[in-house]
Amino acid sequence: MRVLVALGGNALLQRGQRPDADLQQDNVCVAAAALAELAREHELVITHGNGPQVGVLALESASDPNLSRPYPFDTLGAQTQGMIGYWMLQALQNALPGRQVISMINQTLVSAVDPAFTEPTKFVGQVYDREEAERLAAENGWTVRPDGPYWRRVVPSPRPQRVVETRLIRGLVRDGVVAVCAGGGGIPVIRNEKGQLQGIEAVIDKDLTGSMLAEALECDAFLILTDVPRVMKGFGTPEQQEIRHTTPHELRELDFPAGSMGPKVEAACHFVETTGDMAAIGRLDQAQQILEGTAGTIITPNATWPLASTL
């Protein structure tokens, strides 16, 4: 099978952890061990989040007295692609001796008139209590919103239209290369009035980019791996219930938070509706079980999955 995995930024830096490099590298090694299990049996493409990491770099840039202005988010996105890509590249090479692995810097085309630019929803950076978040928002001109029990910064997140280097990625996958690509949803770019590519201030949702790329690469399965075991119906209420096997239609009847689970559900549903193949949302350490259909939330056109032992 050809499988695209969208690896959540919080799987690389767990909620509440300090964003130290050595801690993140340890988390990446754990992720690589789980992904190597898939790569031994399947063609594998990996995308990853960058919300916590790009937020750290944005705060450092805004606080640097040597800069006349902070680095823009497209540049910060490229920096995180290089940083996380390097960690992933090394960890996967160590976990898959003899296998060809590549980490790529990728651009993702968006529309300059996307309405998301006037309504920021994408969480980036560390978590704060409400008082600290509101103080930082006032000092730095941020927009902040609640993220579970914490508060975080939010930025514009336009819808991806195409990963610019899609054809190159397709060729590498056909040659058996494990490709780490489109990190953080890709570096956001537009085509200007001259038809040239130009960076723009935004952070693209990596799950929506992953869904689009999985379709373009003709993947058989699209896995969104994060720090939650399954999608929950009625999350946080006394009636909350795990969703095991479902359809896009059933999921779209439910409400999910716009800044967290909502984009994951939308991305998974879009892939299934467009391709008729399987998508899933679940824990990173259960990647193999998810592909077998025994863990996670499995989304297919008819709520069944051929490799599942139970429904």
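**Figure 1. Thr47, a buried residue of strand 2.** Thr47 counts as buried because its relative accessibility is 1%, which lies under the 20% limit used for that class. In this predicted model, Thr47 belongs to strand 2, which covers residues 43–48. When its neighbours within four places in sequence are left aside, Thr47 is in contact with Leu4, Val5, Ala6 and Leu7, with Cys181 and Ala182, and with Lys206 and Leu213. Two of these partners, Lys206 and Leu213, are listed among the buried residues of helix 7, and Ala182 is the subject of the next view.

**Figure 2. Ala182, a loop residue with a positive phi.** Ala182 lies in the loop that runs between strand 9 (178–180) and strand 10 (187–191), and its phi is near 50°, a positive value in a residue other than glycine. With a relative accessibility of 0%, Ala182 counts as buried. Thr47 of the preceding view is in contact with Ala182.

**Figure 3. Helix 7 and the residues at its ends.** Helix 7 comprises residues 206–216 and is mostly covered, nine of its 11 residues being buried. These buried residues are Lys206, Asp207, Leu208, Thr209, Gly210, Ser211, Met212, Leu213 and Ala214. At the N-terminal end, Asp205 acts as a cap, with a side-chain oxygen placed 3.0 Å from the backbone nitrogen of Asp207. Just after the helix, Glu218 takes a positive phi of about 60°.

**Figure 4. Ala303, in the segment after strand 17.** Ala303 is found in the segment that follows strand 17 (297–299), and although Ala303 is not a glycine, its phi is positive, at about 65°. Because its relative accessibility is 18%, and the class of buried residues takes in values under 20%, Ala303 counts as buried.

**Figure 5. The whole protein, as a setting for the close-up views.** The secondary structure of the protein comes to 10 helices and 17 strands. Its radius of gyration is 19 Å, close to the 19 Å that the globule rule gives for 311 residues, so the protein is as compact as a globular protein of that length. The C-alpha trace spans about 55 × 50 × 40 Å along its principal axes, and 53% of the 311 residues count as buried. Among contacts with a separation of 6 or more, 73% are between residues 24 or more positions apart. The protein exposes about 14100 Å², of which carbon and sulfur atoms supply 48%, and the mean positions of its 26 positive and 37 negative charges are 3 Å apart.

Note on methods
Residues are numbered from 1 along each chain as its sequence is written. This is a predicted model: local features need pLDDT of at least 70, side-chain atom pairs count only at pLDDT 80 or more; totals for chains, interfaces and linings use all residues. Side-chain values use heavy atoms; hydrogens and water are left out. Buried means under 20% relative accessible area, exposed over 50%, partly exposed in between (1.4 Å probe, protein chains only). Helices (H or I, at least four residues) and strands (E, at least two) are DSSP runs, numbered from the N terminus. A polar contact is a pair of N or O atoms within 3.5 Å; within protein, one must be able to donate a hydrogen and the other to accept it, and residues adjacent in sequence count only if both atoms are side-chain atoms. Contact means heavy atoms within 4.5 Å. The radius of gyration is taken over C-alpha atoms; the globule rule is 2.2 Å times the number of residues to the power 0.38. Accessible areas come from the Shrake-Rupley method with a 1.4 Å probe; for residues, only the protein chains shown count as cover. Lys and Arg count as positive and Asp and Glu as negative; His and the chain ends are not counted. The place of a charge is taken as NZ of Lys, CZ of Arg, CG of Asp or CD of Glu.
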